[in-house]
Amino acid sequence: MSSDDNLRTMYELIQLMSSLNDTRRAILLALGHIYPKSVSGVQLSRLIGYSGKSRSLYRGVLSHLQENDMIQIDELTPKLYAIRINSEHPLLTVLIEMCKEFGEESKKIYLKSLEEEEE
Amino acid sequence: MDKLLNKARGLYIDRQRIALAALIAMYAASFILFYSNGIDSILKDPPIDWIPAGWAQGFEVVASFNTVGFFLAFSVMMFFYAFWHWAFMPSPAVTYTISILKGVFGQKSKITQSLGKRFRVYVSDTEFIDVKCRIREQESGEWFVYKLTSPIISSEKREDIALRHGMAVRNNRFTTWVAHDELHHRSILLAKAISLAS
């Protein structure tokens, strides 16, 4: 990829991220950091500090993100879902890449809060 | 939430209460109206021999023209309520939506509002962006959610362009659901995607 293409992707990524509202942005950032791990709805709502019910997160925010191919939701059982970022999305792969490269510290924070829940 | 939308939400809750109260009052009124002037039974001689007499009388009331009329009146009421629910959009929300769309597409752009909380932004004489508003999303409880739909896109790269702008392609159109606080920014993205694809 030439540096021109790179810059263009960066530009588009910034535009995309800033067009989303707080909740969606937080979801993508959190999922980008913990990739390739997937989380359940309850875990995700705690991870992003969502105050509402995780069920309403599913039916509104998450389903819209899924429609736009930004996240993938696998239904493990009727009540348990595995949510992860869509790594084949042309812009979000770059986000994942950046998180992997520079987001080690943030990733630790996210993973720690996930681990504490499991205890 | 935006001040205008907050006002609109209050207005909507208020109006819905009034509509529901009116519905209940009309329900009671039509109940009295249809059953107070004697029962006109459909079956003239109820089968008394195999049903106890009291039951037969009850049956007579239920299977009567009064009931038919009452149900007709009730379904008309429900129809009007459903229509109101579909068409009513509080005016602060209309102002909010139109001012945001004008901010994106220019003050002089042609924007029409039609019944059923739909807006149409004309990008040219024959092409338009449809904006549909849902005052409250039933499943998630989110207020003021919009659906944006672009004109038909013929470009072969439309899937890629849609992905890069956080949208999906349905029926050859860019579509996406956006929250009220995303409306401005994501309409800009939609406009950009459309011009990239043409």
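Which residue, with a positive phi, follows α4(A)? Select A:D69: its phi is near 60 degrees, and this residue comes after α4(A). The model on screen is predicted.

**Stop 1: helix α4 of chain A**

Step back from A:D69 and select residues 54-67 of chain A, which are α4. Put a distance between its end C-alpha atoms and the viewer should give 18 Å. The helix has 14 residues, and at 1.5 Å a residue it should span 20 Å, so the two figures agree. Now centre on A:V61, where α4(A) bends by about 35 degrees.

Next, colour the buried residues of this helix: A:L57, A:G60, A:V61, A:L62, A:H64 and A:L65. A:V61 is thus both the site of the bend and one of the buried residues.

To see what covers them, show α2 (22-34), α3 (41-47), β1 (71-77) and β2 (80-85) of chain A. Then add β6 (173-179) of chain B, since the cover also includes this strand from the other chain.

**Stop 2: where chain A meets chain B**

Select the residues in contact between the two chains. There are 18 from chain A and 20 from chain B. On the chain A side, the elements that give two or more residues are α1 (3-19) and α4 (54-67), so keep the helix from the previous stop in view. Coloured by residue class, this side of chain A shows 5 nonpolar, 9 polar and 4 charged residues.

**Stop 3: chain B as a whole**

Hide chain A and show chain B as a cartoon. Chain B has 6 helices and 6 strands, and read along the sequence they follow the pattern α-α-α-α-β-β-β-β-α-β-β-α. Its C-alpha trace spans about 80 × 40 × 30 Å along the principal axes. The radius of gyration is 25 Å, whereas a compact globule of 198 residues would have one near 16 Å. Buried residues make up 24% of the chain.

**Stop 4: the two domains of chain B**

Colour residues 3-87 of chain B as domain 1 and residues 91-197 as domain 2. Their C-alpha centres lie 40 Å apart. The contact between these domains takes 9 residues from domain 1 and 10 residues from domain 2.

On the domain 1 side, select α1 (3-35) and α3 (65-87) of chain B, the elements that give two or more residues. α1(B) gives the most, with 7 residues. By class, this side of domain 1 has 7 nonpolar, no polar and 2 charged residues.

Conventions
Residues are numbered from 1 along each chain as its sequence is written. Chains are lettered from A and ligands numbered from 1 in the order in which they are written. This is a predicted model: local features need pLDDT of at least 70, side-chain atom pairs count only at pLDDT 80 or more; totals for chains, interfaces and linings use all residues. Two residues are in contact if their C-beta atoms, placed from the backbone, lie within 7 Å. Helices (H or I, at least four residues) and strands (E, at least two) are DSSP runs, numbered from the N terminus. Ala, Val, Leu, Ile, Met, Phe, Trp, Tyr, Cys and Pro count as nonpolar, Asp, Glu, Lys and Arg as charged, and the others, Gly among them, as polar. Domain bounds come from an automatic or database domain assignment. The radius of gyration is taken over C-alpha atoms; the globule rule is 2.2 Å times the number of residues to the power 0.38. A residue is buried if 20 or more other C-beta atoms lie within 10 Å of its own, exposed if 12 or fewer, and partly exposed in between; C-beta atoms are placed from the backbone. The expected span of a helix is 1.5 Å times one less than its number of residues. The bend at a residue is the angle between axes fitted to the seven residues ending there and the seven starting there.
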